[in-house]
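User: Please take a close look at one part of this structure, a single helix, and tell me how it sits among its surroundings. I would also like some sense of how far the prediction can be trusted.

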Amino acid sequence: MSDDILVDIEDLHFNYDGRPVLQGINMKIPRGKVVAIMGGSGCGKTTLLRCIGGQLRPTGGRVRLERHQVCGMSHAELYALRRKMGMLFQFGALFTDISVFDNVAFPLREHTDMSEEMIRDLVLMKLEAVGLRGAHQLMPGELSGGMARRVALARAVALDPMLVMYDEPFTGLDPIALGVIGQLIRKLNDALGATSIMVTHDVQESLLIVDYIYFVSQGRIVAEGTPDQIRASTDPFVHQFVHAEVDGPVHFDYPARSLREEFLSGVAHG
Amino acid sequence: MADPAALLRKLGHAVTERVWRLGFAARFFVAIIIYSGASFRRLHLTLREVFFSGVLSLLIITVSGLFVGLVLGLQGYETLQRYGSTEALGVLVALSLTRELGPVVAALLFASRAGSSVTAEIGLMKATEQLKAMDMMAVNPIARVVAPRFWGGVISMPLLAALFSAMGVLGGWLIGVVFIGVDEGAFWSQMQAGVDFRFDVWNGVIKSFVFGVAVSLIAVFEGYDSVPTAEGVSRAITRTVVTSALAILALDFVLTSFMFRGA
């Protein structure tokens, strides 16, 4: 594997209860880049992210991170690797019983022997980077959705990780908060020299900040390219997704019998 | 008529499901023990849980203990006076409390007050992905969240049961000596002579320790194993209270039959 590639995924398969979720994913994520994985709800994006982070064990294929084979790692090896990773969850997943300051300090206190003075300085620096130094005494319940996401971002980068993963970072945010989070993801990635993988279905915001995009549908990569290539793409799937069209290869309706058959069967199934 | 094969399948599924969960709970218990190091190395984590499970249960335990003692005093006096041995009221109240009512009722109250809250907290942490976030930060949720709550409950339970018994004795004294007029000297001296430290007090402590382990394990397990939805967490809380109550009463019978064999 080339040194420029941080995450290398080869022929990745994952089944859930016998149902195939990922069906042969191949992906190379270079160092220092922000890469988006896009696709409709339930297409396997988050599962893919969890396979990269070692939270799920794939049923086939492999995930290499740096020089480590994620799938075959022991619990201790996986934890050692995760110290170099950060993850932003869909709704922040802040610890609700401790303050904003303690949330950001959490990974520092757990994994380092730094003095409380040093931890204080570092936490305030991280919060300053996301514009929330003044909110360090608040409890998570007192934050808006966008603020909570920014605190979670500060916590995800507290240990200066080499890889930051974002699970739907834009969900439920107003346009201003969405723009702020998008810019922060790009800015922090470049400032830390990290690599970012972002699972999202927010096309317009992603096209502005990412270096490369993969489109996933039904567990397979159906298109990929730089933002310019994606904008210019004539692929029906990409076109439907980017322009949010109702009609196209992606169906709106859940698979079902025909209406005629349903009504003639005479019994409504609850 | 229902299909017998379908009924049998349903029964088999229900039994397999319960056996599987029991096995998972046993493995979970082993994991708690293995990852308990941090709970004692970083004692503040466990002491915080002793506060939430133990100190915050003080009100319900002391008030309930007092009322149980008051009732025991009344009922005991009523029965003892028929035989002209009201001076034995002290020993009756003390034995009832230290052997049975103290550990059992305190454990039932502890399961409702602290066990349910531990299940809710862990269940909601799971539902809001806090446990997953911790795991992704290379912090083991069993070591950091579950084990301190388990040991917090185990430490609190015998202390709460002792307090419950003490308040009960106080209640019995209030009714018997202060209000009814039983001789105070007889009340305390009979109690001192009739209550054996090893057979009565120590066995009560062992019982409350076992109940503490059972209730705390059920509470953390139900929270950790809950379905991460509002309905799933509410079901887990109900299961904690019901399973704990059944476990306490069943264990009480087993422990009693081993401890007090007509000695």
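**Confidence, chain B and helix α5 of chain A**

Analyst: Chain B has a mean pLDDT of 93, with 98% of its residues at 70 or more. This is a predicted model, and for the complex the predictor reports an ipTM of 0.83 together with a pTM of 0.87.

The helix chosen for the close look lies in chain A, where α5 runs over residues 145–156; its twelve residues reach 16 Å from the first C-alpha to the last, which is close to the 16 Å expected at 1.5 Å a residue. Because ten of those twelve residues are buried, α5(A) is largely enclosed by the rest of the structure. The buried residues include A:M147, A:A148, A:R149 and A:R150, and they continue with A:V151, A:A152, A:L153, A:A154, A:R155 and A:A156. Among the elements of chain A that cover these buried residues are the strands β6 (85–88) and β7 (163–167), as well as the helices α3 (100–111), α4 (116–129) and α6 (175–192).

As context for the helix, chain B is built from ten helices and zero strands, so that its pattern along the sequence reads α-α-α-α-α-α-α-α-α-α. The C-alpha trace of chain B spans about 65 × 60 × 30 Å along its principal axes, and 44% of its 263 residues are buried. Among the contacts in chain B with a separation of 6 or more, 86% are between residues 24 or more positions apart.

Technical notes:
Residues numbered from 1 in each chain as written. Chains lettered and ligands numbered in written order. Predicted model: local features only at pLDDT ≥ 70, side-chain atom pairs only at ≥ 80, totals over all residues. Helix = DSSP H or I, 4+ residues; strand = E, 2+ residues; numbered from the N terminus. Expected span 1.5 Å × (residues − 1). Buried ≥ 20, exposed ≤ 12 C-beta atoms within 10 Å, placed from the backbone. Contact = placed C-beta atoms within 7 Å. pLDDT = per-residue confidence, 0-100.
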